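Biologist: I have a few questions about the labels used for this structure. Shall we go through them together?

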Amino acid sequence: MSKANQRATESHLEILMMHIIKILIQPYKKTMSWINSIRNARNRIIDIQQKNPSLNKNFLSKIWDMVFKKAKKRAEEETGEKCDLETLDWKDVFDKNWDEENPDGEKPKK
Amino acid sequence: MKTDWEDLITVSDFLVMLEIKKYLDAGNYAEAKKGMDILVDFEIKTEQYDLLAMLEQLMYEVLEAKIFPQKRTVKWWIRVRDWRDKIEIHRSDNPYLEDDFVQSIWDEAYQRAVEYVEGGLRFFKRTAVIPNLEWEEVFTKEYKFRYPPKNFNHPKSTRDHVKS
């Protein structure tokens, strides 16, 4: 089960990072669905940590870069846009309220 | 030699089972029981957190429609029925998840559901008073739709569907 929990944590972290990257790439396309996916993934990671304390910040740090690469690739595929990010900040992934900045759905002029 | 059960469960529950079997085969029932206690506790926690995850989603759906009655669409009602069915099936598969346990996680699930709703309010730059939820509203109440399609029947639960 713990291996399964590790895989589940990786999966939730990837979904979490992917939606944050999508917001950073295309903030004007941000939807409530993306925001709820972020909140849901955070809750699932918290729950897994509650029942399996070894999957803590140390574990997340170990898988961080690997999961980020996968999340970035998925975000680029889903948005059709290139992402220049090298990594994501811990606070952005686990603490920031992404629902607070809504640029009114308009695509910025290039 | 004794097994560090706490450590082993962090690796794999299957390895814990194999280790228990080893002790049983050797007649060391005391040590096997320690492993079994760890395993059972871990599995129960897993099912409890799964229920919490389902309840927070169900409460979010009910809260949204309670605050914004215009969101009571057919799709919304089907989502509510799906969550109710999943919870019912999960609880019937794990009978120790009794009403008392649901009551014990009620506030935490509600608080999480409120956070989803508050996120939506901030996103759409709206304000609303977030109401409390009653057991009946979450688990049994049949809601009226804003725009029920002609000849619409309330969808059956998936369990009823399986039975028929």
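Modeller: Gladly! Keep in mind that this is a predicted model. Let's begin with the contact, which takes 17 residues from chain A and 19 residues from chain B.

Biologist: What makes a residue of chain A part of that contact with chain B?

Modeller: Two residues are in contact if their C-beta atoms, placed from the backbone, lie within 7 Å. On the side of chain A that touches chain B, the elements giving two or more residues are α1 (2-25) and α2 (32-51) of chain A. The most comes from α2(A), with nine residues.

Biologist: How do you know what divides the residues on that side of chain A into nonpolar, polar and charged?

Modeller: By residue type: Asp, Glu, Lys and Arg count as charged, for instance, and Gly is among the polar ones. The side of chain A that touches chain B then has three nonpolar, seven polar and seven charged residues.

Biologist: Now the inside. Why is the set with A:Leu16 and A:Ile38 called a nonpolar core?

Modeller: A core needs buried residues of nonpolar types joined through C-beta atoms within 7 Å. The largest such core has 20 residues, and A:Leu16, A:Met17, A:Ile20, A:Ile21, A:Ile38 and A:Ala71 have the most contacts inside it. They are therefore members of one joined, buried set. Two or more residues each come from α1, α2 and α3 (57-79) of chain A, and α1(A) gives the largest share, seven residues.

Biologist: Which residues does A:Ile21 touch, not counting those up to four places away in sequence?

Modeller: A:Ala71, A:Lys72, A:Ala75, A:Cys83 and A:Leu85. Apart from this core lies another, of 18 residues, including B:Met54, B:Met59, B:Leu63 and B:Val138.

Biologist: What makes A:Val67 count as buried?

Modeller: Buried means 20 or more other C-beta atoms within 10 Å of the residue's own. A:Val67 is buried, so its count reaches that cut-off. In α3(A), A:Phe68, A:Ala71, A:Lys72 and A:Ala75 are buried too, and the buried residues of this helix pack against α1 of chain A.

Biologist: What is meant by a bend in α3(A)?

Modeller: Axes are fitted to the seven residues ending at a position and the seven starting there, and the bend is the angle between them. At A:Trp64 that angle is about 50°. After α3(A) comes A:Gly80, with a positive phi near 70°.

Biologist: And how many helices and strands does chain B have?

Modeller: Seven helices and zero strands. Of its 164 residues, 20% count as buried.

Definitions and conventions: Residues numbered from 1 in each chain as written. Chains lettered and ligands numbered in written order. Predicted model: local features only at pLDDT ≥ 70, side-chain atom pairs only at ≥ 80, totals over all residues. Helix = DSSP H or I, 4+ residues; strand = E, 2+ residues; numbered from the N terminus. Buried ≥ 20, exposed ≤ 12 C-beta atoms within 10 Å, placed from the backbone.
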